[in-house]
There are 2 protein chains.
Amino acid sequence: MGRQSGSGHPAITVDVVAFTLLEDDLQALLIRSQAPPSKGRWAIPSARIRDGEPLETTARCILEGYGAQDMYLEQLCAFGNAWRDPRGRAVAVAYLALVTATSATPAGGDASDVRWWSIYKLPPLALDHAQILDFALQRLRNKLEYTAVGFRLLPPAFTLTETQRAYEVVLGSPLDKRNFRRRILEAGIIGETRQRGGSRGRPARLYRLRDDAMIETKARRLFP
Amino acid sequence: MGRQSGSGHPAITVDVVAFTLLEDDLQALLIRSQAPPSKGRWAIPSARIRDGEPLETTARCILEGYGAQDMYLEQLCAFGNAWRDPRGRAVAVAYLALVTATSATPAGGDASDVRWWSIYKLPPLALDHAQILDFALQRLRNKLEYTAVGFRLLPPAFTLTETQRAYEVVLGSPLDKRNFRRRILEAGIIGETRQRGGSRGRPARLYRLRDDAMIETKARRLFP
DNA sequence: TCAAAAGTGTTTGTGGTACACCCATGG
DNA sequence: CCATGGGTGTACCACAAACACTTTTGA
């Protein structure tokens, strides 16, 4: 018997791709699947939707179950390919989550069952999760270019060099230091603090994301 | 009793926002709801998902049921607000569809039950359909700026003036004729034909979308 | 020959990109 | 005093925006 109920409604889950910065790398949270059909394979966190709550609440609860807090959440897409789950028809509503390294400690299980994985060195994933993760990564890279979501990967106070590294790690390409600093400052979305941070060398000024800063900018029009 | 089945899976539908150009205006296909809870109100076409098929197939079948053919389809988002349907938990996977005016004749019912409506003069809509339609419109406007989807609203051969009008109607703002023509031609996505069209005045050259033209361009980076 | 729409270039400003050196601190 | 990372300005180029007149056709 399949996963589908007698009434004909297919199974519906919320699946969350959570990213964080860790070890100078962009990493995704994966768990080891405990049940068939993918027992033992790594998978993105997933759960049946919660009654009487918005879908986003389910996503938030999933991540809170793994110790993350104060995450950025954004719905990606519904994945409903007929063959994505061998147990029967299953629709997954996928979410993108960004968490800061400080709230990023997996606490919901044995470390061998819940781990951050570099997106550049992923294990084989269950079902169509590789596709979902890839979709999430694409979306993150795109939004980095015209929104301020990138700062949701950083701690509340951050240096410009940290910020640049974050952009470089997510985009996978190096950026010019002076141009980066000029544009990020001219955008007016971050403000100076009086504190300084940094490990070696000259201490760096710490910045903070301004409260009114969740702007989106217009993309340049190719087609006018 | 609610709409939800005994197994706990909520109802899941595919809802389609179909746009076309008609009467020098951007119009959306609406149907009059035949059943509670919104009987008599206008609604966007919707259906339960088809077994064993990708979600997109359901969307395509819905529109074919109303006489449309060869539509552009793109998934928008899943709408799963707990209170969106008073009958019980219902998740809608929304699609954006673009059809050409020639294939845009509603044929699936009485004209008083299936109609194109100007997006600038919509009636009150069922459930959260106004929100879904608005989301679709935003997405269309955004994608117009960095993809070639706009041409899916036009017939296979079109004049540059028609194209400009299409952009203007969708975006809701006037565009400069010379800049528009230069950029659309320089983008290299359309090719000349030898035919000419147009109603009054000097006949205009007809163009055709090139086969290799479904490009996307990079958005301008605000954050470098 | 007139009405109606098609078609065509140039100038000016803004914003993107490339690029190299001095500064402050801790060890 | 030296190693490490922090911080700064300019010159060039490409693209966006503004703008008005001539051409072709059908009635």
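## Close-up views of a predicted protein–DNA model

**View 1. Who sits closest to DNA strand C.** Of the 20 residues around DNA strand C, the ones that come nearest are A:Arg183, B:Thr161, B:Lys177, B:Arg181 and B:Arg200. Please keep in mind, as you look around, that this is a predicted model. Sorted by class, the surface near DNA strand C holds 13 charged, 4 polar and 3 nonpolar residues. Three elements each supply at least two residues of this surface: helix 4 (177–186) of chain A, helix 4 (177–186) of chain B and strand 10 (204–209) of chain B.

**View 2. Polar contacts with bases and backbone of DNA strand C.** Start with A:Asn179, where a side-chain N or O atom is 3.0 Å from a base nitrogen of the strand. From chain B, a polar side-chain atom of B:Arg182 lies 3.2 Å from a base oxygen of DNA strand C. A phosphate is involved as well: one of its oxygens is 2.9 Å from an N or O atom in the side chain of A:Arg183. Among the atoms of DNA strand C within 4 Å of the protein, 40% belong to sugar or phosphate, and the rest belong to bases.

**View 3. The two ends of helix 4 in chain A.** At the N-terminal end, A:Asp176 acts as a cap, with a side-chain oxygen 3.2 Å from the backbone nitrogen of A:Arg178. Follow the chain to just after the helix and you meet A:Gly188, which has a positive phi of about 70°.

**View 4. An open sheet of 3 strands in chain B.** The strands are arranged in the order 8-10-9, with antiparallel pairing. Strand 8 (157–158) and strand 9 (190–197) form the edges, each pairing on one side only. Between strand 9 and strand 10 of chain B there are 5 bridges. One pair to look for is B:Arg196 with its bridge partner B:Arg205, in strand 10.

**View 5. Strand 7 of chain B, mostly covered.** This strand spans residues 114–118, and 4 of its 5 residues are buried. Strand 2 (residues 25–32) of chain B runs antiparallel to strand 7 and is joined to it by 5 bridges. Here B:Ala28 has B:Trp117 of strand 7 as its bridge partner.

**View 6. Inside the largest nonpolar core.** This core has 46 residues, of which A:Val16 and B:Val16 touch the most other members. Zoom in on B:Val16 to find its contacts from further along the sequence, more than four places away: B:Ile44, B:Pro45, B:Ala59, B:Ile62, B:Leu63, B:Leu73, B:Tyr95 and B:Ala97.

How values were computed
Residues are numbered from 1 along each chain as its sequence is written. Chains are lettered from A and ligands numbered from 1 in the order in which they are written. This is a predicted model: local features need pLDDT of at least 70, side-chain atom pairs count only at pLDDT 80 or more; totals for chains, interfaces and linings use all residues. Side-chain values use heavy atoms; hydrogens and water are left out. A nonpolar core is a set of buried Ala, Val, Leu, Ile, Met, Phe, Trp, Tyr and Cys residues joined through side-chain atoms within 4.5 Å. Buried means under 20% relative accessible area, exposed over 50%, partly exposed in between (1.4 Å probe, protein chains only). Contact means heavy atoms within 4.5 Å. A residue is near a molecule or strand if one of its heavy atoms lies within 4 Å of it. A polar contact is a pair of N or O atoms within 3.5 Å; within protein, one must be able to donate a hydrogen and the other to accept it, and residues adjacent in sequence count only if both atoms are side-chain atoms. Helices (H or I, at least four residues) and strands (E, at least two) are DSSP runs, numbered from the N terminus. Ala, Val, Leu, Ile, Met, Phe, Trp, Tyr, Cys and Pro count as nonpolar, Asp, Glu, Lys and Arg as charged, and the others, Gly among them, as polar. Two strands pair if DSSP finds at least two bridges between them.
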